[in-house]
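Please open the structure in your viewer and keep the sequence panel beside it, because we will move from one selection to the next. Take your time at each stop before reading on.

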Amino acid sequence: MAEKVSNKSVLFNPFSKNNPVIVQVLGICSVLAVTAKLEPSIVMGLSVIAVLAFSNVIISLLRNTIPTNIRIIVQLVVVAGLVVIVSQLLQAYAYDVSKQLSVFIGLIITNCILMGRLEAFAMANRPWPSFLDGIGNGVGYAIILVIVGFFRELLGSGTLLGYQVVPQAFYDAGYVNNGLMILPPMALIVVACIIWVHRSRNKDLQED
Amino acid sequence: MNKQSNSYTILYIIVLVLVVGSALALTAMALKPRQQENADADKKRQILASVHVVAEASEIASTFDKYVTDQFIVNEKGERIGDNAFAVNVANQSKESAAERQLPVYVCTMPGDGATKYILPVYGAGLWGPIWGYVALDADGSTVFGAYFAHQGETPGLGAEIEKPAFSDQFEGKQMFKDGRFLPVTVVKAGQKPLGDEDYVDAVSGGTITSKGVAAMLSDCLSPYKNFLETLRNK
């Protein structure tokens with residue numbers, strides 16, 4: 001490693017300055033798929049945090065024993081194992097949410113953020129920083145998911161976490177839910193708006 | 001030990017796969033009963049939904065036992081061939097030819113007026129994945145009392161609207177028999193009429209393929225019940 005980075009920056013950088021979704025633009029497909037409602041967004045965010053933190057720790061513990069030529073396979077096996085466990089736990093303890101998320105929990109395996117962090121960070125760092133890195137990137141991902149889910153559910157269905165928040169008086173006055181918000185393309189546009197706001201506030205991220 | 005040698009690599013992956021495999025097997029076995037319970041409770045909730053009964057999550061099993069007083073399996077001829085309707089996998093049965101299907105029937109007694117309702121499960125294909133539901137008929141075997149539909153992954157706001165009461169409530173009061181002929185209720189675009197003179201409901205706008213799927217599902221899964229429903233009707 002070229003320079004020593006502090007544990008604090010490992011944990012907090014991915015929240016904003018090095019956010020996996022809006023700066024590195026990874027894991028976009030699950031952002032499109034699961035954010036039509038707020039609740040699945042939160043559960044998906046938590047699942048990714050758990051899988052990312054634990055797979056980072058496991059790979060970091062194994063990093064000196066893994067044969068280089070099969071390291072991607074080893075990473076995949078670990079991630080796939082953890083994802084199946086999370087999916088089984090959801091089916092047992094949060095059945096309704098697991099029905100909503102259906103295949104997308106399984107698809108965490110293909111989320112580029114995971115492979116990216118394992119390959120870029122956990123293979124070269126000790127378990128504790130790897131754990132923080134996993135939590136940091138997981139939270140960075142979850143924040144975006146929750147923001148997108150919040151706006152899509154509010155504007156698309158007029159509810160939050162299933163509770164009606166747009167008062168009936170609005171509908172009586174002619175307000176209608178924007179059906180476009182619950183279709184996947186609007187997730188991209190919401191993410192783009194977040195990136196826009198984020199870039200305009202962080203001058204050093206702006207490209208020429 | 002040489003970490004780049006073939007034997008190390010092979011040994012490493014074998015051990016890793018064994019460890020991960022057994023961890024998964026243990027998790028799956030430990031959680032199986034709970035998952036089965038959830039799946040059963042969800043199925044019971046859906047069956048109750050077709051007769052407009054909504055129960056708290058914790059009370060689904062007891063409510064189900066209270067309302068569903070009998071369940072049995074019939075064959076295409078309308079003869080009773082078994083008792084445990086709940087265990088029948090409707091998805092697998094719908095792939096069989098009509099003559100070989102096991103057709104589950106749930107008999108539901110409404111506490112208010114003691115009226116008997118017959119709940120029949122249906123299963124078919126939507127646009128993106130399977131769709132299924134339950135249709136509750138009155139004791140005459142013809143009048144629809146209620147219907148419930150669900151889907152795995154139809155487009156939100158379009159095809160997914162079939163699970164909303166706005167769609168399923170349209171089925172209430174429709175007839176399965178017209179002038180003595182058995183014609184399952186169908187789904188057509190709003191403003192249109194079906195070719196035959198069967199009863200129909202309006203399709204979901206923007207959900208054409210899902211709506212066609214519902215129509216095909218009703219025709220395919222309810223037709224084998226023809227003889228059973230005839231007997232009810234002639235009672």
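Which residues in α1(B) are buried? Select Asn38(B), Lys44(B), Ile47(B), Leu48(B) and Ala49(B), which are the buried ones in that helix. Please keep in mind throughout the tour that you are looking at a predicted model.

**Stop 1: along helix α1 of chain B**

Now select the helix as a whole, residues 6–49 of chain B, and follow it until you reach Lys32(B), where α1(B) bends by about 50 degrees. Within four residues of that bend there follows a proline, Pro33(B).

Next, add helix α2 of chain B, residues 60–67, to the selection, and you will have a pair of helices whose axes come within 9 Å and cross at roughly 45 degrees. The two helices, α1(B) and α2(B), are therefore oblique to each other, and α1(B) passes α2(B) in a left-handed crossing. To see where they meet, show Ala41(B), Lys44(B), Arg45(B) and Leu48(B) on the α1(B) side, together with Ile60(B), Ala61(B), Thr63(B), Phe64(B) and Tyr67(B) on the α2(B) side. Sorted by class, this contact of α1(B) with α2(B) holds six nonpolar, one polar and two charged residues. Two of the residues you have just shown, Lys44(B) and Leu48(B), belong to the contact and also appear among the buried residues of α1(B).

**Stop 2: the loop after α1 of chain B**

Select His52(B), which is found in the loop between α1 and α2 of chain B. This residue has a positive phi of about 60 degrees although it is not a glycine. Is His52(B) exposed, partly exposed or buried? There are 16 other C-beta atoms within 10 Å, so His52(B) counts as partly exposed.

**Stop 3: a strand residue and a loop residue in chain B**

Move on to strand β5 of chain B, residues 130–137, and pick out Ala136(B), which lies in it. Because 25 other C-beta atoms lie within 10 Å, Ala136(B) is buried. Leaving aside residues up to four places away in sequence, Ala136(B) touches Ser50(B), Val51(B), Cys108(B), Lys117(B), Ile119(B), Phe145(B), Gly146(B) and Ala147(B). If you then draw a distance between the C-alpha atoms of Ala136(B) and Phe171(B), two residues that are 35 residues apart along the chain, you should find a separation of 9.8 Å.

For a contrast in surroundings, select Asp179(B), in the loop between β7 and β8 of chain B. Asp179(B) has a positive phi of about 50 degrees although it is not a glycine, and it is exposed, with 7 other C-beta atoms within 10 Å.

**Stop 4: helix α8 of chain A and its partners**

Turn now to chain A and select Trp128(A), which is found in helix α8. With 12 C-beta neighbours inside 10 Å, Trp128(A) counts as exposed. From there, draw a line to Ile147(A), 19 residues away along the chain, and the two C-alpha atoms will be separated by 29 Å.

Keep α8(A), residues 127–157, on display and add helix α3 of chain A, residues 38–62; their axes come within 8 Å and cross at roughly 165 degrees. That angle makes α3(A) roughly antiparallel to α8(A), and the crossing of the two is right-handed. The contact of α3(A) with α8(A) has 20 nonpolar, nine polar and two charged residues.

Then replace α3(A) by helix α10 of chain A, residues 184–201, which packs with α8(A) at an angle of about 120 degrees, the axes being 10 Å apart. This makes α8(A) oblique to α10(A), and their crossing is right-handed. From α8(A), the contact takes Ile144(A), Ile147(A), Val148(A), Phe151(A) and Arg152(A), while from α10(A) it takes Met186(A), Ala187(A), Val190(A), Val191(A) and Ile194(A). By class, the contact of α8(A) with α10(A) has nine nonpolar residues, no polar ones and one charged.

**Stop 5: where the chains meet**

Finally, show both chains together and look at the contact between them, to which chain A gives 20 residues and chain B gives 22 residues. On the side of chain A that touches chain B, the largest share, 10 residues, comes from helix α4 of chain A, residues 71–93. That side of chain A divides into 13 nonpolar residues, seven polar and no charged.

Methods. Residues numbered from 1 in each chain as written. Chains lettered and ligands numbered in written order. Predicted model: local features only at pLDDT ≥ 70, side-chain atom pairs only at ≥ 80, totals over all residues. Axes fitted to C-alpha atoms, helices over the stretch in contact; angles between N-to-C directions. Parallel < 35°, antiparallel > 145°, perpendicular 65-115°, else oblique. Left-handed = near helix turned anticlockwise from the far one by under 90°. Contact = placed C-beta atoms within 7 Å. Nonpolar A, V, L, I, M, F, W, Y, C, P; charged D, E, K, R; others polar. Bend = angle between axes of the 7 residues up to and from the residue. Buried ≥ 20, exposed ≤ 12 C-beta atoms within 10 Å, placed from the backbone.
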